[in-house]
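Okay, everyone, let's get going. I'll put today's structure up on the screen, and then we'll walk through it together.

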Amino acid sequence: MEAIWIQGGNQLAGNIAIYGAKNSALKLMAAALLTDQPCRLDNVPDIRDVRLMVQILEGMGVQVRREGESLLIEAKELGTEVPPEPVREMRAGIQVMGPVVARKGRIRIFQPGGCSLGPRPIDFHLRGLEAMGARVREEHGFIVVEAERLRGTDIYLDFPSVGATENLMMAAVLAEGTTVIHNAAREPEIGDAEKFLNQCGARVSGAGTGVIRVEGVTSLQGTSYQVMPDRIEAATFLIAAAAAGADLTLRPAPVVHLEAVLAKLSQIGVDWESPDPMTLRVRSQGALAEGYRPVHVRALPYPGFPTDVQPQITALLTLARGTSIVTDEVHAARFGYAGELRRMGAQIWVEGRTAVIKGCSHLTGARVTAPDLRGGAALIVAALAAEGESLIEGVVHLDRGYARLEERLRQVGARICRLEV
Ligand code: UD1
């Protein structure tokens, strides 16, 4: 089994290049199934979730080739049976549902798995497809969705679900007539999907607002598209720098997509600047020397504070001077990492969706286990700032979303490596 070893207390200095956004790349890979023509996606991170999505696509007969940072996808052949194994491991596998039903009139897919952050049903996805005329049934753990041709309609989401918005938006592209998604999620990755789809000939508008309108077309053509930079990755490095101490520059970092995170970091007392809209620089003597202020954080749908940065900022707040409160309004159980932080000396109590964090004098390195992807990132932040050595197990979770993590941190001065344990 692999683990990440970190000797804490080293300041970081230099530049880190931010890779393409996981949560956009995965959806664009699914969107490429809407056309039988070749699509080229540039700036696709080489992470485990992307590899799982490649397995899903290949399992349906799609040709996928990696060329450096790019993926070439050609869905001339497209089956309707989704291989169960990769979907069991990654919830984003369900994003193929909308495109495949729209193009082939049927899909059979296993109930999805992924990070365990509380119950994560897919009822919005299924109800939306039903509203568009699809028939949905369950068969021994599999879901079968069928429709001759989807019909455009008005869809109201009970919660602005990112995945449901994207799935239904993609399905609507090849539906007959106009679909309007109300209470749509406004995450920037949805804007990336809109741009990609429109470049293929779709007629989508409204991404970034709560109402998305899709006028159905009969077919799409292939295109070449550059995936947007990963705002969550940028936020992770930013917070790691603030915790450990650093003079670190991140590029390309989409400053406009990080407003809620940057505002919160300012409130905490982190010294950051953005010399241009794609660059972030953070300078810090480390959390303890800086005497960061405690804050209240509420993770909300975009443009609120991102739930995917909630664990990392909580790790930083374990070293603030006073008591912070962090609430997650998006995922019901996203504090699986709190017990691990406690092993490092953090004072953190969780009650339902809320954590209370009393800043401590220092963290101590420990042997801990990443419970999920961003929970693992919180442990990396804590270990970089801690005194002594840490060993982080559960690396498989970190590999889902961060490419070459140790190498990139080592290049800016962290003492970090991967071990067999
Ligand atoms: C996406 C992101 C994930 C992020 C999340 C919220 C990807 C691959 N993953 O996940 O990193 O944490 O957005 O920003 O992009 N819900 C339902 N029924 C549904 C769908 C969702 O009840 O049919 C609930 C979920 O249980 C959750 C909330 O809605 O509590 C938000 O989920 P959603 O926005 O759909 O997240 P994902 O798209 O799965």
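So, start at aspartate 123: one of its polar side-chain atoms lies 2.7 Å from a nitrogen atom of the ligand. I'm calling that a polar contact, meaning a pair of N or O atoms within 3.5 Å. Quick caveat: this is a predicted model, where local features need pLDDT of at least 70, side-chain atom pairs count only at pLDDT 80 or more, and totals for chains, interfaces and linings use all residues. Residues are numbered from 1 along each chain as its sequence is written, and side-chain values use heavy atoms, with hydrogens and water left out.

Two other contacts go to oxygen atoms of the ligand. For valine 162 it's a backbone N or O atom, 2.7 Å from a ligand oxygen. For asparagine 23 it's an N or O atom of the side chain, at 3.2 Å. How much of the ligand does the protein bury? Taken alone, the ligand exposes 740 Å², and 88% of that gets buried (Shrake-Rupley areas, 1.4 Å probe).

Now the shell, meaning residues with a heavy atom within 4 Å of the ligand. There are 21 of them, and Lys27, Asp123, Ser161, Asp308 and Val330 are the closest. By type, that's eight nonpolar, six polar and seven charged, with Gly counted as polar and Tyr as nonpolar, for instance.

Which helix gives the largest share of the shell? That's H5, with three residues. Helices H1 (22-31), H5 (123-131) and H6 (162-173) each supply at least two; helices here are DSSP runs of at least four residues, strands of at least two.

And why does the ligand lie between two domains? Because domain 1 (2-17 + 229-420) and domain 2 (25-226) both give residues to its shell. Those bounds come from an automatic or database assignment.

Last, some backbone oddities. Most residues other than glycine have a negative phi, and most peptide bonds are trans. Yet arginine 251 to proline 252 is cis, omega near -5 degrees, and so is tyrosine 302 to proline 303, at about 10 degrees. Histidine 140 isn't a glycine, but has a positive phi of about 50 degrees; look for it in the loop between strands E7 (135-139) and E8 (142-146).

Terms used:
A polar contact is a pair of N or O atoms within 3.5 Å; within protein, one must be able to donate a hydrogen and the other to accept it, and residues adjacent in sequence count only if both atoms are side-chain atoms.
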